[in-house]
Amino acid sequence: CNDSQSSLSVNCLDRHVHTAPNKVALIWEKDEPGKEVRVTYRELLELTCRLGNTLKRQGVKRGDRVTIYMPPCPLAVASMLACARIGAVHTVVFAGFSSEALADRIRDGKRLLQTDRGGKVIELKQTVDQAVRACPLVKRVLVSMRTEQKVPMSELHEMMKEDVCCEPAVMESEDLLFLLYTSGSTGKPKGLVHSQAGYLLYTAITHKYVFDYHDGDIFGCVADIGWITGHSYVVYGPLCNGGTTVLFESTPVYPNPVERLRINQFYGAPTAIRLLLRYGDEWVKRYDRSSLKTLGSVGEPINTEAWEWYFNVVGDARCPVVDTWWQTETGGICISPRPSSPGDEILPGMAMRPFFGISPALLDDKGNILTQNNVSGALCISQAWPGMARTIYNDHKRFLETYLMPYPGFFFTGDGAYRTSQGYYQLTGRLDDVINVSGHRLGTAELEDIVHRAVAESAVIGFPHEIKGEGAYVFIVLKKGTDVSQERLSNELKELVSKKIHGGSPFPTRLPKTRSGKIMRRVLKKIVEDKADELGDLTTLDDHEAVEEIIEGHKRLLQEEQGQ
């Protein structure tokens, strides 16, 4: 094949095949727990080329949009790389989305590529069929069989008969690479656009330096490839660096894969860490974790207790914990404790240091730059960086209004941050999650960081208060085996925060989360405001029963307060 370095797939595959063709590129943790498949760089290149030729034979051209609706598997990764190889623009949709959510994300597409999943064949195919009925622009559906079950399908292509050489398209640096959709509380999902060269450069450098990745390491990021974390730190960053990356299709029964696969870097969400914390230290300590060198956290601010447990128990107090802040819009990690000078401190629950080329700024609500330390403000970025999204697909006006107009001259992230006396950055949560109590602005992350022996997880929502302006409504999930009474625990928690807030404390068994593990605080806020009929876009919600439970719990709490 052509050695052109203008192709993203060449940088992720061909150049590594020339130097180490039999090196393992992917370790696929299959849907059946404990079963793994190893795919070399040569095998992944051949699979990518076969699929690229299949797409071209079906009429997919440079610039066409291809929607990929697959669980994490080597074919899904090859599908992304095949699109890049022929110059098509991929849109990966999380394989747990409903047909309505899928349809929303493919209406502008011209092809649809989909694979069936072992154990869930009919469900995925039926979802695709329903979505396609609402998408008249879709020209073709490609289906890959994962089991021997027979299912009705639009068309089955024998991809493995295609040639293993597919000429890579020569792309310009600003050509589109992929679209990735994010949901909001209102309106249609936003299709963020990422381009070729800047995105790949940024993911590769951040992967190498934030996690201290070295040749021969095994990198384990548990994100689904349908999210930006999976794009950047399961696929593109590790493969560009010639690394071995773990592809989790099943829910990882961590730390079993760490012991079995000898994972060196582990990257997961605080939600998963807090879930493990609920089961105590022994669950983790029964496994060999000596291979671990770096622990990462992503998705939302990690509270101090979870950070300390992650560092001391999971990492045996020897692995640095990198709490990373970034977004779909940024393409890669923007604030993280590493890289830094040897021996530099890492503080619990704090992202701390801007990455190379990132120039953060804190602004007040009037748009003034806050130059001093020990101050909180809106987190903005004052200059462009390679990995940033270029626009919202088919809606550049919305891109400008959302990110560039709120604070002219700055990229507005939508998050708040606190800059310490040492100049470190601590994320305080989304700005719409900031609570103003008696004139004091309190980030929800600050309140959720309050440690109590019985609390595994919490979410704080502001609500109108006739005296203080706003109060805090605290949702609590207890650790397994907690024997303290609800009344006693409620009193103890209120005492801990009595100087700052006034609030209620319902005790649900779980919180509403997206499929990537983020707590859907806007849903909680609507419930607290008695607007349960205005919950907005719930396509990313993982467990609808959790919402119903919380609605009922809120009603009971109101009844109890009215009876006092």
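**Exercise 1. Helix H9**

Task: In this predicted model, find how many residues of helix H9 are buried, and which ones.

Solution. Step 1: Helix H9 covers residues 270-277. Step 2: A residue counts as buried when its relative accessible area is under 20%. Step 3: Six of the eight residues of H9 are buried. They are Pro270, Thr271, Ile273, Arg274, Leu276 and Leu277. Step 4: Helix H9 is therefore mostly covered.

**Exercise 2. A sheet of four strands**

Task: Determine the order of the strands in the open four-stranded sheet, and state which strands lie at the edges.

Solution. Step 1: The strands follow the order E14-E15-E17-E18, and their pairing is antiparallel. Step 2: Strand E14 (360-363) and strand E18 (425-430) are the edge strands, each pairing on one side only. Step 3: On average, neighbouring strands of the sheet are turned by 45° against each other, direction ignored. Step 4: Within the sheet, strand E15 (residues 375-381) runs antiparallel to strand E17 (residues 411-419), and six bridges join the two. One position to look up is Cys380, which stands opposite Phe412 in E17.

**Exercise 3. Helices H1 and H7**

Task: Describe how helix H1 packs against helix H7, and name the residues that make the contact.

Solution. Step 1: Two packed helices are described by the angle between their axes and the distance between the axes. Step 2: For H1 (residues 8-19) and H7 (residues 228-240), the angle is about 55° and the axes are 8 Å apart. Step 3: H1 is therefore oblique to H7. Step 4: The crossing of these two helices is left-handed. Step 5: On the H1 side, the contact is made by Leu8, Asn11, Cys12, Arg15 and His16; on the H7 side, by Tyr236, Leu239 and Cys240. Step 6: Sorted by type, the residues of this contact comprise five nonpolar, two polar and one charged.

**Exercise 4. Leu13**

Task: Is Leu13 buried or exposed, and which residues does Leu13 touch, leaving out those up to four places away in sequence?

Solution. Step 1: Leu13 lies in helix H1. Step 2: The relative accessibility of Leu13 is 0%, so Leu13 counts as buried. Step 3: With residues up to four places away in sequence left out, Leu13 touches Tyr41, Leu44, Leu45, Thr48 and Leu81. Step 4: A distance can be added for Arg42, which is 29 residues from Leu13 along the chain: the C-alpha atoms of Leu13 and Arg42 are separated by 7.9 Å.

How values were computed: Residues numbered from 1 in each chain as written. Predicted model: local features only at pLDDT ≥ 70, side-chain atom pairs only at ≥ 80, totals over all residues. Heavy atoms only, no water. Buried < 20%, exposed > 50% of the residue type's maximum accessible area, 1.4 Å probe, protein only. Pairing = 2+ DSSP bridges. Axes fitted to C-alpha atoms, helices over the stretch in contact; angles between N-to-C directions. Parallel < 35°, antiparallel > 145°, perpendicular 65-115°, else oblique. Left-handed = near helix turned anticlockwise from the far one by under 90°. Contact = heavy atoms within 4.5 Å. Nonpolar A, V, L, I, M, F, W, Y, C, P; charged D, E, K, R; others polar.
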